[in-house]
Amino acid sequence: MFSKTKILLLTTIIFLSVQSGILAQDETSASSTDFYSMLFVFMLATFIGIGVISRVSRLLHTPLMSITNAISAIAVVGSLILTGHDYPDYITILGAVALFASMTNIVSGFLITDRMLKMFQSRQGRALTDKTKSGKGESKKS
Amino acid sequence: MIYSIVQFSFIVATALFVFALHWMKDPKTARKGVFSGVAAMTIAIISTLIDPAIVNWEWIAVAIAFGFIVGIPLSKVPLTAVPQRTALSHAFGGLAAGLVGTAKFYLWLDEGPENLTVFIMVAIIAEIILGYLTFTGSLMAAGKLQEIKWIPQRPVTYKGQNFINLGLLAVAVVFGILLIINPVEYGYLFPAIIFLAVLFGVLLIIPIGGADMPTVISLLNSYAGLSAVAMGFVLDNKLLVTAGALDGSSGLILSIIMCKAMNRSFTNVLFGAFGQVQAAKAGVEQRTAKQETPEGAAQILEQASKVVIVPGYGMAVAQAQYRIRELYDLLSKLGIDVKFAIHPVAGRMPGHMNVLLAEAKIPYEQLIEMDDINSDMPQVDVVIVVGANDVVNPAARSDKSSPIFGMPIINADKAKMCFAIKRSMNPGFAGIENELYYADHTFMLFGDAKAVIGELVKHLSVVVAEK
């Protein structure tokens with residue numbers, strides 16, 4: 001769909017090869033975390049994201065941005081780990097501020113997305129709500 | 001055992017996040033997407049909390065409580081303030097990533113420098129640079145959108161600006177490389193990188209004007225996502241990587257759409273300082289535009305059979321969307337076909353106009369994309385331009401010297417007649433003269449968009465009442 005997707009693909013590949021180049025010199029320390037599978041996950045998730053998001057209705061780009069905002073507040077997981085573990089106080093405080101920031105994003109992101117989406121009404125939907133409103137008025141009169 | 005449960009719930013959460021975005025493809029299913037997203041987030045939080053190593057419950061409770069206290073009012077802002085709110089939440093996202101990266105670095109520096117491998121250090125540096133620059137950059141963007149007094153609205157440029165910006169970034173990268181090579185010895189450079197990232201975020205947004213905000217907000221969205229990905233690498237957590245990547249790709253696609261809709265490149269948006277150059281050129285030639293009264297316009301409108309309304313940021317400023325709804329209702333009652341032509345960059349963020357019109361209860365079937373409506377334009381009897389300017393400027397098609405040359409526009413000039421509602425003849429934010437206003441079949445309706453449309457509604461409702 002986008003010619004720039006190709007550019008993205010290229011940059012991703014370059015990024016990955018640079019990363020693996022760095023890692024090649026660091027084989028020994030790479031044992032504790034499986035970085036390669038992480039990079040795989042990152043690459044595949046990016047392509048899934050591009051696939052799914054290019055199908056999103058253009059009507060909904062503002063709600064899309066607020067819902068992805070809430071989703072990227074998944075940083076809450078990292079903040080919870082830092083705040084919750086028995087680490088030195090300054091770590092706990094940094095973690096708690098991060099937790100506050102991500103929690104704010106989760107709460108406001110999902111709530112405002114839902115609020116906006118409720119407003120999108122089809123012609124039918126609007127006819128229905130108008131009818132129920134006027135219907136109520138008439139039933140009171142009778 | 002707990003490890004398996006956590007990993008399995010993370011897989012479920014990832015699937016739910018993908019579904020959440022998948023359901024956004026249609027307004028009919030979109031609300032399911034929100035529930036799916038909430039479910040995924042709840043699963044992620046609960047499965048993180050079942051870890052027995054979590055002990056500081058008071059801290060967690062207090063932080064979450066404050067999150068709700070600030071988050072709930074932030075979700076109730078008026079829809080015209082949605083761009084600011086979005087920018088502000090990008091700032092929060094960036095801050096969270098930056099703080100977690102900082103905390104992790106110092107924790108490992110104190111307790112186990114052997115953990116600071118090359119890979120981890122690359123991820124931490126990426127996380128804090130992206131995180132803190134998103135934080136201050138988004139705060140600046142939010143300030144500009146909110147029109148806070150001490151933040152200049154116009155793009156601020158000075159000589160050697162790009163050189164200084166890129167120089168700062170280069171210094172940060174060099175510091176980063178030193179830290180990657182030896183985190184313990186060069187540990188004192190860590191605060192310097194944070195400072196540079198914070199400064200870079202501010203300097204990056206200063207030269208950017210209002211018309212470019214949709215692209216910049218999308219780009220910051222992408223950065224916030226990528227900083228979450230980097231956090232995932234640091235913490236060895238695949239859920240962070242997947243969710244961050246979804247956000248990152250969303251921001252990227254939106255920025256590409258915005259750039260395409262302006263026929264500009266990323267570098268041009270970020271380093272081009274749009275809207276500064278042309279202002280001096282305007283006003284060379286004095287021409288007069290034809291004017292029409294709301295009464296006359298209403299008489300023409302009632303004779304039309306096809307009407308297209310082109311909204312722009314001016315509609316949001318004037319809060320004219322409810323009046324437009326009344327106009328839409330009246331015209332529909334007269335049997336006139338009314339459509340709305342939406343340019344991708346109209347407003348201050350992607351999809352801004354759609355949300356405002358939906359708020360005013362205009363059915364979404366009537367909101368038509370630029371590409372789909374342009375071919376119908378010659379058959380349209382009347383186009384009403386409400387607070388839009390550059391997106392209907394025919395100079396984009398014809399005038400090679402125009403800074404917007406090549407930008408796809410809504411062909412309002414191709415319609416049989418055009419009414420443009422505008423406060424005055426001042427060129428818009430980008431400072432570019434608009435040929436449309438001087439065309440033979442264009443008539444200006446001067447005044448505040450809300451008031452002018454109110455007048456139109458008044459005259460038309462008399463006509464409707466008579467029928």
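# Two chains and their interface

Across the interface of chain B and chain A, the rule finds two salt bridges, a salt bridge being a side-chain nitrogen of Lys or Arg within 4 Å of a carboxyl oxygen of Asp or Glu. The model is predicted: local features need pLDDT of at least 70, side-chain atom pairs count only at pLDDT 80 or more, and totals for chains, interfaces and linings use all residues. Residues are numbered from 1 along each chain as its sequence is written, chains are lettered from A and ligands numbered from 1 in the order in which they are written, and side-chain values use heavy atoms, with hydrogens and water left out.

## The interface

In a salt bridge between the two chains, the side chains of Glu369(B) and Arg58(A) meet at 3.4 Å, N to O. The largest share of the side of chain B that touches chain A is supplied by α9(B), with 18 residues. Helices and strands here are DSSP runs numbered from the N terminus (H or I, at least four residues, for a helix; E, at least two, for a strand).

Polar contacts (pairs of N or O atoms within 3.5 Å; within protein, one able to donate a hydrogen and the other to accept it, and residues adjacent in sequence counted only if both atoms are side-chain atoms) link 21 residue pairs across the interface of chain B and chain A, both residues being at pLDDT 80 or more. In terms of contact (heavy atoms within 4.5 Å), chain B takes part with 115 residues and chain A with 93 residues.

The size of an interface is often given as the accessible area lost when the parts come together. Between chain B and chain A, the buried area is about 9,400 Å², and carbon and sulfur atoms give 76% of it; this area is the loss for a 1.4 Å probe, summed over both parts.

## The two chains

Chain A has six helices and zero strands, in the order α-α-α-α-α-α along the sequence. Of its 142 residues, 53% count as buried, where buried means under 20% relative accessible area, exposed over 50%, and partly exposed in between (1.4 Å probe, protein chains only). The accessible surface of chain A (Shrake-Rupley method, 1.4 Å probe; for residues, only the protein chains shown count as cover) is about 6,600 Å², with 65% belonging to carbon and sulfur atoms. Among contacts in chain A between residues at least 6 apart in sequence, 60% join residues at least 24 apart.

Chain B contains 17 helices and six strands. Its 467 residues include 59% that are buried. Chain B exposes about 18,100 Å², and 63% of this is supplied by carbon and sulfur atoms. For contacts in chain B between residues at least 6 apart in sequence, the share joining residues at least 24 apart is 78%.

## Helix α13 and positive phi values in chain B

Helix α13 of chain B covers residues 321-333; at 1.5 Å a residue its 13 residues should span 18 Å, which agrees with its end C-alpha atoms being 18 Å apart. The expected span is 1.5 Å times one less than the number of residues. Buried residues in α13(B) include Gln321(B), Ile324(B), Leu327(B), Tyr328(B), Leu330(B) and Leu331(B).

The table lists residues of chain B with a positive phi.

| Residue | Phi | Place |
|---|---|---|
| Asp236(B) | about 55° | loop between α8 (213-235) and α9 (238-262) of chain B |
| Gln319(B) | near 55° | loop between α12 (313-318) and α13 of chain B |
| Gly335(B) | about 80° | just after α13(B) |

Asp236(B) is not a glycine, and it is partly exposed, with a relative accessible area of 40%. Gln319(B), likewise a residue other than glycine, is partly exposed with a relative accessible area of 31%.

Conventions. Buried area = accessible area lost by both parts, 1.4 Å probe.
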